[in-house]
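Colleague: I am new to this one and would like to learn how to read it. Could you take me through it step by step?

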Amino acid sequence: MNDNNVNMEERTAPEKEIIRQRVEKLERLRKESKFDPYVIDKWDKEHKLSFVHEHFSHLGPDEMDETATIKTAGRVMTIRKHGRASFAHLEDDSERLQLYFQLNSLGEEEYEWFKRWVDTGDFLGIVGHPFRTKRGELSLLVTDFKLLSKALRPLPEKWHGLKDTEVRYRQRYLDLIANPEVREAFRKRAKIIKTFREVLESHGTLEVETPMLSPIAGGAIARPFITYHNALGINLYLRIATELYLKRLVVGMYERVYEIGKNFRNEGIDSMHNPEFTAMEVYWAYANYEDMMNLTEEIIVACADAMGSRQLPYGDYMINYEPPFRRAAMVELVKEHCGIDFLTVTDEEARKLAKEGGLEVRGDEGRLLIMTEFFDNFVEDKLIQPTFVLGYPVEVSPLAKRDPDNPDFTRRFELFICGAEVANAFSELNDPLDQKERFLDQLRKKEAGDEEAHAFDEDYIVALEHGLPPTGGLGIGIDRLTMFLTNSSSIRDVILFPTMRPKE
C-alpha cells in the first residue's frame, strides 16, 4: 500500500504527512503484528456509552464498580499516551467517555500494543469497569480492547475545525464527527417526523407511497426536473408534489391517506430552499380546510412538545407554539401592513399602486392577483409568530374549492412562521368541470411562457369525473418546520446531504 491509495487532494502539508505516516503504520501493523483491522466484521456491543453515564454517575472520586463489566465500542477522539498509563476519550452516537489504559490491568504486551498502534479516529471495542477518577471524571478502566477499524485521516477538528459551512455540507460525515450538536439536530428531525406519523395515525390515516417519476409534473405550481426514460422513449418528471396521486386514492375509496417523502423543484437555492426537500401531504374525505387547520395546529404543537417546550427560540425571536394560532385573511393582513384594501380598489388602481410600490405587473393583472404580490413582498416576512393566512384568490389556487360566499376566493390557507410558509391546505376542488377550466387557464399561461404554470392532467380529470367526496388536503414542509423547531438558520442545516454545486 502507498500514498496513491489515499486521495490527498486539497490537504494541508501537515495532514498529508499524517496520512502518509498512518498508511505506513497500517502496513507495519499488518506485517509485524499479523493483524488487519479491516478483517474484523463484528463486535458484540452490549452497552452504549450513555448507559455508563446513566447507571454509574453515583460513583464517588477514586471509586470503582468491579462487579460491573461494560462491553462497548466507539471512535477514539483523543489520546494522551504516557509511560505506564494512558487516557483516551471514546465517543459513540450517544455520549463521550474517558478510557483509562493501565499497564497493570492490561499486561505489558497488550498495553504496549495499544500505545504503538492505536490513533485518534480509530474505532475500538472496549471491555472495562466503570470508575471515577480522583479528579472526578467518570471513566472506564480498560481490561480488554480490540482495534475494529483504522482511520487513515486525522479527525477534522485537528486541522481545519469545521466552521467552514462548505465543508460541513459537502462532507457531512466530518460535520457529524466534529460537532455532536449537529448529530443532535438530526435526532430531533427524526423525532419530528415520528411525531407526524403518530398524530396522523391516531386519526386513522393510512401511510402510502406514490410515484416519484410521472409523465406530468402536477400538484403544485413549480418548475420541474426532467429526465428521460430510454425503454419508453418519453420524458418523465421528478414529482413536485404528491397531491394528485393522493387524491386519486381518495377517489379509490381510501378515506384518509398521507405520504412523507421527497419532492423536487428546479428552482433557486437559498437559506429556505433546497431543490430536493421533504414534505408531508395528507387528505381526509368528508373534511374541509378548517379541519386541516386544526390538524396542522395539532401536529405542530405535538412537534414542539417533542422538542420539550411550546416556547422555542429562532434567531432573535421566541416563537410561541401555544394554540390557538392567529387566523387572518390575506385581505386583512395586506390592509394591516400596507394600508390598502384591495376589495375597494379597481384593477387599474391596483396596477398603479403596484408600480408605485416598485412591483412589476402586466397590463392585464387584476387587483386580487396584485394583492398577492403585495402580500408576498411586503407582508409575509412580518408574520413571525404562527399565523394562518386565509382567503387566497382563485388565480393562484388552481386546485382549491371556491368560497361559496365569494367565488373570487378559495377555501385555502397557508401557515407562516418566522416569515416563511410552512403549510398549505385547501378544501379540495372536486368539481371536474371547474377543475378542467382551471387547468386550461394554467395551460394558457404555460403556452404564454410561464414555466411554473400547472400542467393539464387529463387522467386526473377522469378520476374526478368518477367522483371525489368533499376532501380536505394539507401539505407541510418538514425541512422548514425542523429549521424553526431546532433554531437552525439554514435549510442545509437540517438536510443531511443538501444539494451542492460540484467542485471544479
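Colleague: Let me start with one residue: is Arg402 buried, exposed or partly exposed?

Modeller: Good place to begin. The general idea is relative accessible area: under 20% is buried, over 50% is exposed, and anything in between is partly exposed, using a 1.4 Å probe and protein chains only. Arg402 has a relative accessible area of 33%, so Arg402 is partly exposed. Before going on, please keep in mind that this is a predicted model, where local features need pLDDT of at least 70 and side-chain atom pairs count only at pLDDT 80 or more, while totals for chains, interfaces and linings use all residues. Residues are numbered from 1 along each chain as its sequence is written, and side-chain values use heavy atoms, with hydrogens and water left out.

Colleague: Thanks. Which residue forms a salt bridge with Arg402?

Modeller: In general, side chains of opposite charge can pair when their charged atoms come close. The cut-off used here is a side-chain nitrogen of Lys or Arg within 4 Å of a carboxyl oxygen of Asp or Glu. Arg402 pairs with Asp434, and their closest N and O atoms are 3.2 Å apart. This pair links distant parts of the chain, since Asp434 sits in helix H14 (residues 432-447) and Arg402 in strand E16 (residues 402-403), 32 residues apart. Asp434, at 15% relative accessibility, counts as buried. Helices (H or I, at least four residues) and strands (E, at least two) are DSSP runs, numbered from the N terminus.

Colleague: How many salt bridges does the structure hold?

Modeller: There are 35 salt bridges. One of them joins Glu17 and Arg20, at 2.6 Å from N to O. Here a bit of helix geometry helps: an α-helix has 3.6 residues a turn, so residues three or four places apart point the same way. Glu17 and Arg20 are three residues apart in helix H1 (residues 13-32), which puts about one helical turn between them. Glu17 is partly exposed at 31% relative accessibility, and Arg20 is partly exposed at 26%. For another case, look at Asp175 and Arg168, whose closest N and O atoms are 3.0 Å apart; both of these residues are buried.

Colleague: Now sheets. In what order do the strands E7, E8 and E9 lie?

Modeller: Strands of a sheet pair through backbone hydrogen bonds, either parallel or antiparallel. For two strands to count as paired, DSSP must find at least two bridges between them. In this open sheet the order is E7-E9-E8, and the pairing is antiparallel. Strand E7 (213-214) and strand E8 (226-229) are at the edges with a single partner strand each, so one side of each has no neighbour in the sheet. Two bridges join E7 to strand E9 (residues 234-238), and Leu213 stands opposite Leu238 in E9.

Colleague: Why is helix H9 described as largely enclosed?

Modeller: Seven of its nine residues are buried, so the rest of the structure largely encloses H9. Among the buried ones are Leu244, Leu246, Val250 and Val251. For packing we use contacts, meaning heavy atoms within 4.5 Å. The buried residues of H9 pack against E10, strand E11 (276-285), strand E19 (420-427), helix H15 (458-465) and strand E20 (471-477).

Colleague: Which residue after H9 has a positive phi?

Modeller: That is Met253, with a phi of about 85° although Met253 is not a glycine. Met253 is in the loop between helix H9 (243-251) and strand E10 (256-264), and is exposed, with a relative accessible area of 70%. Asn487 also has a positive phi, about 55°, and is not a glycine; Asn487 lies in the segment after helix H16 (478-486).

Colleague: Which two residues does a cis peptide bond join?

Modeller: Pro323 and Pro324, with omega about 0°. Pro324 lies in the loop between strand E13 (317-320) and strand E14 (326-329).

Colleague: And to finish, how many helices and strands does the protein chain have?

Modeller: The chain has 16 helices and 20 strands. Of its 504 residues, 50% are buried. Among contacts between residues at least 6 apart in sequence, 66% join residues at least 24 apart.
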